[in-house]
Amino acid sequence: MIVAGIDIGSLSSEAVILKEGEIMSYSIFPTGADTRKAAGMCMREALERAHLKFEDLAATVATGYGRINVPFATKTVTEITCHARGAYRLFPSTRTVIDMGGQDSKVISIDAEGRVSDFVMNDKCAAGTGRFLEVMAGALEVDLEEMGERSARARNGVVISSMCTVFAESEVISLIAAGCSKNDIIRGLHEAISKRIFTMAGKLRMERPITMTGGVAKNRGIVDALGRLLKSRIQLPEEPQIVGALGAALSA
Amino acid sequence: MFEGIKTGLVPKVIRRLLRSGLAMEMAKAAVKWSSRRENRAFPFWLDFLFDTPKRGFRKGRPVVWISAFTPSEIPYVFDLHPVLPEVIACLAAHIGVSDHAISMAEGNLYSADVCSFYRCGAGLALGGYLPQPDLIISTSHLCDGAHRFFHNMSQHFGCDHYLIDIPYGSDGRARAYLVDELHDVADFIGKRTGRRLDDERAAEVIELSNRTRQVMLQINELRRRIPSPFSGSEGMSYVLGMNFSTVGSQLGLAFFRSLHGVIEERVSRGEGIIEEEKHRLLWLHHIKPYYPNSIFDILEGLGAVVSFEEANQVYWDSMDPKRPLEGLASKMLSNSGCGPIERRIEAILEMAGRYRVNGAIHFSHWGCRQSCGGSHMVRDVMRERGIPTLVLDGDGADIRNYSEGQTRTRLEAFIEMLR
């Protein structure tokens, strides 16, 4: 049976196609303003890569904040359940999943059968999300993708005290004006975000092993900072961004 | 009309309508007609709702503002007209004007960290939409912001405020302290209104309160049935409003009797509030969002019903009509929200078993220290007992803090977890 999962996030959309439970193809697409259009294009790309047509899919499960806007979905499941399922599939021993996406972050506890046993999400504030990093990358005039590598090259510790996206942006600009290196500032930002996630995780009874999913997991600087705070190695999927869509496909 | 309030074009007209008996009667008739499909207990609520401002503005009897946890029996014993700003703030949120009232309060130096029900109440008071109090009585238990709000209001209106200090413990010493305070309250009311504590009238009110309590217990017993015969959304709205405002009055007794009849009929027909009840939930804390929102619709769409609410537990014992102040002191001290968190958790666990729930939602209202402070302890104990509990952060009166998508994700994920 061929099934698909599609995760419509605030910044990016991902589609995963499974055949008898194995990944055939996947695609990652910027969501943009039109979630329906993004869903269609993202799925078409994944289908093309697998040399399939829409009609070949027995079911499509949508997840993510835009899950209710996927016209071809046969079912919707929340991203919390999907990230848990996806992470458990890739790392069956995992007991905690940290998903840092575009507009929200979640810490999810899962049991030995891969079921969600508890979860916490960030509040309405954007701190600790991909959007926060995107704004900071803009303020620093660096590419989002190079932030992880740059933080590894930091020499001095810089403390970022503001976690409000707007205030933190001003703080970053002030630090640049004060002559701090961009690498040091980036490392300070990663430490600050990680502390926030660490605090959020403290609301749960966190068990190890820990797996990190979502686009922010591609940022090595955040993963390392979080690992230091949690005093734990963090398991990383080969492509952390598609874990939600994988979980959705597994829910079909 | 409500847009008019927001834009400030017709506030004078609204204030005049609130004071006009004929206008209020016409509005009541119109709302009754539009809500004719509601259950037959609902019109009692409407009577209360429309008569409160009408009588308050007319000043037939002295107007006393009381906090939600001040026993409503007190104003009825002294034949005062009670006004509960917190309940009115819920209504303001329901009809979509709370954001305007809150903005007005914030513009008058109320911090955005103050509970939105008090910001809303302050805004309504500053705008002249509430009957002016002759005196104010509030209590110190549960609501952290209450005494500051009521103190400010007493300054604003130039009237006296009595704050009933509720002890942390609930032993004999605490009871004696509280009884002493209630004697002081009686003197306070006497000096400000000329109305003295009349034993016969007090006994009548306590008798009415006891009879109402009995009916409330019967209602709560019926609500144990599967499928749930009554919606927690309604339980948290007008039922709680009547619970706070009318216990000790004929209207209160009539309302709860009528509601009992409605629920009893549903039970006899085996009728639940949704067709297929998959999950039974307990709603924790005394607040839900009162502005238009889809929380309960989302839950019901997923086959989950709020079978009971912590707010509607009958925590107090029957009172001795011959010793009204002792009875009211015991009533206040019996509130499981008073004292250590373990007391509240014990009551919640008892309710969870009694209503056979398989999950609970703890609504943590922004600005409410008593709910936010204990929510994670409640959640952890519930989890240990196998009852998953969602701590849903939100705001009860300020729609600016509500996000439909974020709320939906939390609720759906929680229900997925219960499966």
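Q: What covers the buried residues of helix α3(A)?
A: This is a predicted model, where local features need pLDDT of at least 70, side-chain atom pairs count only at pLDDT 80 or more, and totals for chains, interfaces and linings use all residues. Residues are numbered from 1 along each chain as its sequence is written, chains are lettered from A, and ligands are numbered from 1, in the order in which they are written. Helices (H or I, at least four residues) and strands (E, at least two) are DSSP runs numbered from the N terminus, and two residues are in contact if their C-beta atoms, placed from the backbone, lie within 7 Å. The cover over α3(A) includes four elements of chain A, namely β6 (96-100), α4 (147-152), α5 (165-177) and α6 (182-201).

Q: Within what arc do the buried residues of α3(A) fall?
A: A residue is buried if 20 or more other C-beta atoms lie within 10 Å of its own, exposed if 12 or fewer, and partly exposed in between, with C-beta atoms placed from the backbone. In α3(A), residues 130-140, the buried ones are A:Gly130, A:Phe132, A:Leu133, A:Met136 and A:Leu140. Take the directions from the helix axis to the C-beta atoms and look down that axis: these residues line one face of α3(A), because they fall within an arc of 155 degrees.

Q: Which residue with a positive phi follows α3(A)?
A: Most residues other than glycine have a negative phi. Just after α3(A) there is a residue with phi near 55 degrees, and that residue is A:Glu141.

Q: Is A:Glu20 buried or exposed?
A: A:Glu20 sits in the loop between β2 (12-19) and β3 (22-30) of chain A. Phi there is positive, near 50 degrees, although the residue is not glycine. With 8 other C-beta atoms within 10 Å, A:Glu20 is exposed.

Q: Is B:His285 buried or exposed?
A: Over in chain B, B:His285 lies in the loop between β5 (279-284) and α14 (295-301). Phi of B:His285 is positive too, near 90 degrees. There are 26 C-beta neighbours inside 10 Å, so B:His285 counts as buried.

Q: How are α3(B) and α4(B) oriented to each other?
A: Axes are lines fitted to C-alpha atoms, for helices over the stretch in contact, and angles run from 0 to 180 degrees between N-to-C directions; under 35 degrees counts as roughly parallel, over 145 as roughly antiparallel, 65 to 115 as roughly perpendicular and the rest as oblique. Helices α3 (residues 21-34) and α4 (residues 42-58) of chain B have axes 10 Å apart and pack at an angle of about 160 degrees. The two helices are therefore roughly antiparallel.

Q: How many nonpolar residues are in the contact of α3(B) with α4(B)?
A: From α3(B) come B:Gly21, B:Met24, B:Ala27, B:Lys28, B:Val31 and B:Lys32, and from α4(B) come B:Pro43, B:Leu46, B:Phe50 and B:Lys54. Ala, Val, Leu, Ile, Met, Phe, Trp, Tyr, Cys and Pro count as nonpolar, Asp, Glu, Lys and Arg as charged, and the others, Gly among them, as polar. That contact has one polar and three charged residues, and its nonpolar residues number six.

Q: At what angle do α2(A) and α8(A) cross?
A: In chain A, α2 (residues 79-90) and α8 (residues 243-250) have axes that come within 7 Å of each other. The pair is roughly perpendicular, because the axes cross at roughly 90 degrees.

Q: How are α7(B) and α8(B) oriented to each other?
A: The axes of α7 (residues 98-106) and α8 (residues 116-126) of chain B are 7 Å apart, and the packing angle is about 85 degrees. That makes the two helices roughly perpendicular.

Q: Which element gives the largest share of the side of chain A that touches chain B?
A: The contact takes 13 residues from chain A and 12 from chain B. On the side of chain A, α2 and β8 (116-121) are the elements that give two or more residues. The largest share, four residues, comes from β8(A).

Q: Which residue is joined to A:Arg208 by a cis peptide bond?
A: Omega of this bond is about 0 degrees. The partner of A:Arg208 is found in the loop between α6 and β9 (210-213) of chain A, and the partner is A:Pro209.
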